[in-house]
Amino acid sequence: MRDWLGTAEAAVPTRLGEIVTGDILLLERLGLALDQRAAGELRVRDLLMQGLLKVRDKKKRLVPLIANRAQREYARNCTKRNIVLKARQMGLTTYVAARFFLQTITQPGTLTVQVAHSQESAEEIFKIVRRFWENLPKGMQRGALATSRANVRQLVFPRLDSEYRVATAADSNAGRGMTIHHLHCSEVARWPRDGGETLASLRAAVAEEGEIVLESTPNGAGGVFYEEWQRAEETGYTRHFFPWWWEESYRVSDAKTQGPSTSLGMTEMGGRTAEGGRLHVGTRGPHGGSDVERELVERFGLTAEQIEWRRVNRAQLRGMAAQEYAEDPVSCFRASGECVFEMEGIERAVAGAGEAVEARDNRRLMIWLPAQAGKQYIVGVDPAGGGSEGDYSCAQVIERQTGMQCAELHGHFPPRELAAKVMELAGLYNHALLVVERNNHGYGVLAHLRAAGAENVFQDGGQDGWLTSAVSRPMMIENLGAVLATEPGLFRSPRLLNECRTFVRLADGNSGAAAGTHDDCVMAMAIALGARQRSAGFRRVEVGSLVRESRWVMGDVHPSQRRAEAVM
């Protein structure tokens, strides 16, 4: 066996065909060795793919499956739970099918299920899998890998007690009554409207040690795939993102420079033009603008051929190009409807947002800027009911003088737990002003805060809490939008900025989260900034010896600001 593992990949088909004919035991040994190194950087799995599995390339030729860049990167980083966001035609569906096919035929008792978004796609995926089997050595087909059924998109290997199925997402009861060992859900963003129920049913059928891959190109800022991508850290899934330039064929071979240009040296960035020289990027590119092109060259080393391909692609697809041929895992999710906030401000904020310096409470509390002595802070709180399937509760911490976002609390919390957490958060930030929306679930949170003796609670109109009404809500959103447009560097949270992207003008004239998305972070920040705006004419003075007895009092401000009232 070890001698075989060290052979060159060219010898695999004949040698393997001789060894494993009718020998289930040797197949099992191969299954145990799939991830072992065999030759250089190649693993046993790679050799089996190259030597045994055939695919149709983009020129319709039958060729060995040799992993491309995206496929190799996925292989290096995949775990038991994976979610893949990608540009079109990166070969990930084929590669996952190949991985799972090898595991099915070398690990007896395995059930593999691939689920496509449509009947047509399911047929195409099954052709790929069927082609794998048809091009195996004849001895393997007649021996251990003989099939008892090869129809209705199923391959059954009775001698191994293994099975490979390709299904569609149309059945909300998919997976019931089965124990699935490998599950690949393809193009999840395009599953039918009840896709969430189908996915829940399938995942419930996967064995604890089974492998799951959720894979898709983006399809709007909403729906089951968008939600799964946003919640990946919370659910324990590993994110994989593959932009369009990872596909070698996405380039124009005879790219030429046009119009005014600026030379950008490519040596330091690892990229070169076809002539091995310098890449010229127009100062005002006709399709997409040279600033974006320059950033792609500088950050990712794109060549002239790739930039020209991008220009043509953007000219042809226009607004859909960012979705179909993703360049980053944020902008590719297009919101349905007109975004309320200026996209330029959001993009600038995303570019400037840094990593959190600390994560607490299983990443439900993210801290970018810890509290500093002598500074005052505001905590804006948007409460929800607390159910695991409903909206999230969110609290945003900002520094009062600058409005800088410092921390974010986000999760499903019942009223009592949320009250305790925001009290703790306020204490962490120098006994910050707690601004809790009192609408709906907020009443319960405020009741728990009063019972706990919280003193630093914002009051509006003589009552505890912030009132969001038909009058105040548009003003809150406009204030947030103005700050985001003029001071995008104040914002740190990717979750908040993603919600800003999907906060749209609705058909009834109001604004809110696009279908299938959330606005908890947006509203919590709008509350915090609204309270900051109202309290602009207030200063804190000590009433007693304890900080908790201090109050906000009126300073020297314009008479129009003197309607604000806040007690701490």
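How many bridges join strand β6 to strand β9, and in which relative direction do the two strands run? In this predicted model, strand β6 (residues 111-116) and strand β9 (residues 180-186) run parallel and are joined by four bridges. Within β6, Thr112 stands opposite His182 in β9.

Both strands belong to an open sheet of seven strands, whose order is β7-β8-β6-β9-β10-β5-β11 and whose pairing is mixed. The edges of this sheet are formed by β7 (154-157) and β11 (238-242), each of which pairs on one side only, and the twist from one strand to the next averages 15°. Helix α5 (residues 69-77) packs on the sheet, where it touches β5 (81-86), β10 (206-216) and β11, and its direction makes about 165° with that of β11. Helix α6 (residues 92-106), in turn, lies across β5, β6, β7, β8 (162-168), β9, β10 and β11, and runs at about 170° to β9.

A further contact involves two helices, α19 (residues 494-501) and α20 (residues 520-534), which pack with their axes 8 Å apart and at an angle of about 100°. Because angles of 65 to 115 degrees count as roughly perpendicular, α19 and α20 are therefore described as roughly perpendicular to each other. On the α19 side the contact comprises Arg495, Leu496, Glu499 and Cys500, which meet Asp520, Cys521, Val522 and Met525 in α20. The residues of this contact of α19 with α20 divide into five nonpolar and three charged, with no polar residues.

Methods: Residues numbered from 1 in each chain as written. Predicted model: local features only at pLDDT ≥ 70, side-chain atom pairs only at ≥ 80, totals over all residues. Heavy atoms only, no water. Axes fitted to C-alpha atoms, helices over the stretch in contact; angles between N-to-C directions. Parallel < 35°, antiparallel > 145°, perpendicular 65-115°, else oblique. Contact = heavy atoms within 4.5 Å. Nonpolar A, V, L, I, M, F, W, Y, C, P; charged D, E, K, R; others polar. Pairing = 2+ DSSP bridges.
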